[in-house]
Amino acid sequence: MKVGIVKEIKNNENRVAIIPASVKEFLAHGHEVYIECGAGLGSGFRDEEYAAAGAIMVEKAEDVWNKVDLLYKVKEILPSEYKYVRKDLIIMTYIHSNAHREETQVLLDAGCPSIALEDITSDNPHRRFPLVANMGELAGKGGFLAACYYAQSVHGGPGILLNNVIGSDAPIISIIGCGYTGMGAAELASSFGCTVRMMDLNFETMERAQGLLPDNVSFRYSSRAAIEDCLKDSDVIINCVLWPKTRKDHLIYREDLKTMKPGAMIIDVSCDDGGAVETCHSTTHDDPVYYEEGILHYAVDNIPSAFSKNASVRFSCDSLPFALAVADKGIKQALKDDKHLRDGLTTFDGKLTLRETAEKFGVEWANPEELIKEW
Ligand SMILES: NC(=O)c1ccc[n+]([C@@H]2O[C@H](COP(=O)([O-])OP(=O)(O)OC[C@H]3O[C@@H](n4cnc5c(N)ncnc54)[C@H](O)[C@@H]3O)[C@@H](O)[C@H]2O)c1
């Protein structure tokens with residue numbers, strides 16, 4: 001199969017879907033890899049490294065899109081790329097279909113098979129979405145580092161180092177959600193010597209987190225009372241909840257911001273617009289923060305891109321087995337053989353196969369389990 005990788009064009013997206021070591025894997029399986037020149041530069045991988053691994057370097061993105069059978073990338077397909085989507089092109093990327101109706105419609109209209117990497121599952125109950133877990137950990141860590149930056153007086157903050165500094169109380173960091181992102185934030189915040197509080201609804205998750213984190217991390221059931229307490233005395237609130245897209249209430253309301261300490265901040269890693277944090281709207285690395293009721297909000301929606309080399313290595317290694325299976329077996333056989341890959345199937349032959357998106361848009365859902373019976 002001809003496999004293609006293009007340069008990501010989303011604002012400040014520096015990741016790349018493939019690293020040179022993975023190119024060699026595709027070649028070893030008898031495939032050809034076409035890469036747009038400069039695609040890896042944002043992650044520190046030079047064209048020469050890809051060429052040395054055996055990739056065919058291509059000047060223009062459109063020549064990659066038009067030449068290949070499998071287009072393998074990181075972020076969603078943006079409007080300037082819509083024209084390249086065609087029926088016989090397999091697309092594997094983070095699609096986020098329920099947030100991007102226009103993109104989803106383009107995939108449906110073209111009739112192509114598309115796989116959302118974020119929806120691929122695994123049997124490990126602690127890594128149910130392996131291609132989300134890897135980036136979540138980086139996002140949580142990056143969120144805490146952003147708090148360290150904005151807490152400095154020279155960056156408009158209250159002038160505190162988020163560390164246990166002699167003469168000052170250890171800063172209080174409250175993290176809502178003990179999943180992948182919450183654990184990433186907690187790992188750094190606790191190792192910096194902060195007083196860390198984590199909240200979740202799931203006791204099993206909290207027990208597991210407690211076993212992995214040091215003693216300066218405490219755990220509470222995520223009740224309204226616990227959140228109100230944390231709002232009053234925390235230096236940083238980090239929201240790491242996986243928020244149902246259809247939910248209308250919030251965990252932190254605009255009014256709650258008035259109870260926070262001067263200089264306290266909200267790092268919204270989840271960054272769902274009007275989600276768990278009522279006043280949240282997602283931001284970019286170019287313009288990462290804004291203030292509501294005097295409280296700094298940081299809500300960058302692609303934090304891992306700041307750590308692009310780490311992120312690309314993880315992304316490429318974790319997604320490689322799925323991309324290789326599709327290239328080796330063809331899309332139908334690969335989907336038939338692997339329930340976890342099937343869970344990521346978003347569109348096939350003009351049908352919407354991702355249930356959550358179909359429900360959100362109120363359109364007909366085609367069950368992939370039924371589809372494969374016809375093949
Ligand atoms: N900003 C970024 O760049 C970035 C990167 C990766 C992930 N994310 C986002 O971060 C969010 C969290 O991702 P994750 O991978 O950590 O999810 P996850 O499913 O691993 O963890 C979410 C946790 O939230 C808990 N939870 C649910 N409702 C809660 C409540 N009311 N109070 C407290 N805890 C609650 C769940 O029990 C779970 O443990 C997602 O929305 C994801 O899209 C953002």
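In this predicted model, Glu-137 and Lys-141 are joined by a salt bridge whose closest N and O atoms lie 3.0 Å apart. Both residues belong to helix 5, where a spacing of four residues, about one turn of the helix, separates them. Their surroundings can be described through accessibility: Glu-137 has a relative accessibility of 29% and therefore counts as partly exposed, whereas Lys-141, at 18%, counts as buried, because the class of buried residues covers values under 20% relative accessible area.

Other salt bridges connect parts of the chain that are distant in sequence. Glu-292 pairs with Arg-254, and here the closest N and O atoms are 3.0 Å apart. This pair links distant parts of the chain, since Glu-292 sits in strand 12 (residues 289-292) and Arg-254 in helix 9 (residues 254-257), with their positions 38 residues apart in the numbering. Arg-254 has a relative accessible area of 32% and is therefore partly exposed.

A further pair is formed by Arg-342 and Glu-369, with 3.0 Å between the closest N and O atoms. It, too, links distant parts of the chain, Arg-342 lying in helix 12 (residues 339-342) and Glu-369 in helix 14 (residues 368-371), 27 residues apart. Arg-342 is buried, at a relative accessible area of 9%, while Glu-369, at 27% relative accessibility, counts as partly exposed.

The three pairs are set out below.

| Salt bridge | Closest N and O atoms |
|---|---|
| Glu-137 and Lys-141 | 3.0 Å |
| Glu-292 and Arg-254 | 3.0 Å |
| Arg-342 and Glu-369 | 3.0 Å |

These pairs are part of a wider set, as the structure holds 25 salt bridges. Beyond them, Glu-8, Lys-73 and Glu-81 are linked in a network of salt bridges.

Helix 5, which carries the pair Glu-137 and Lys-141, also takes part in a pocket. The second largest pocket contains about 160 Å³ of space, and helix 5 (residues 130-150) gives the most to its lining, with five residues. The residues that line this pocket include Gly-142, Leu-145, Ala-146, Tyr-149 and Tyr-150, and also His-285, Pro-288, Tyr-298, Ile-303, Ala-306 and Phe-307. By residue class, the lining of the second largest pocket divides into nine nonpolar and two polar residues, with no charged residue among them. Because Gly is counted as polar and Tyr as nonpolar in this scheme, the division should be read with that assignment in mind.

Note on methods: Residues are numbered from 1 along each chain as its sequence is written. This is a predicted model: local features need pLDDT of at least 70, side-chain atom pairs count only at pLDDT 80 or more; totals for chains, interfaces and linings use all residues. Side-chain values use heavy atoms; hydrogens and water are left out. On a 1 Å grid over the protein atoms alone, a cavity is a set of points where a 1.4 Å probe fits but cannot get out, and a pocket is an open set with protein on both sides within 12 Å along at least five of seven lines; lining residues have an atom within 4 Å of a point. Grid points are joined across faces, edges and corners, and a volume is the space filled by probe spheres set on the points. Helices (H or I, at least four residues) and strands (E, at least two) are DSSP runs, numbered from the N terminus. A salt bridge is a side-chain nitrogen of Lys or Arg within 4 Å of a carboxyl oxygen of Asp or Glu. Buried means under 20% relative accessible area, exposed over 50%, partly exposed in between (1.4 Å probe, protein chains only).
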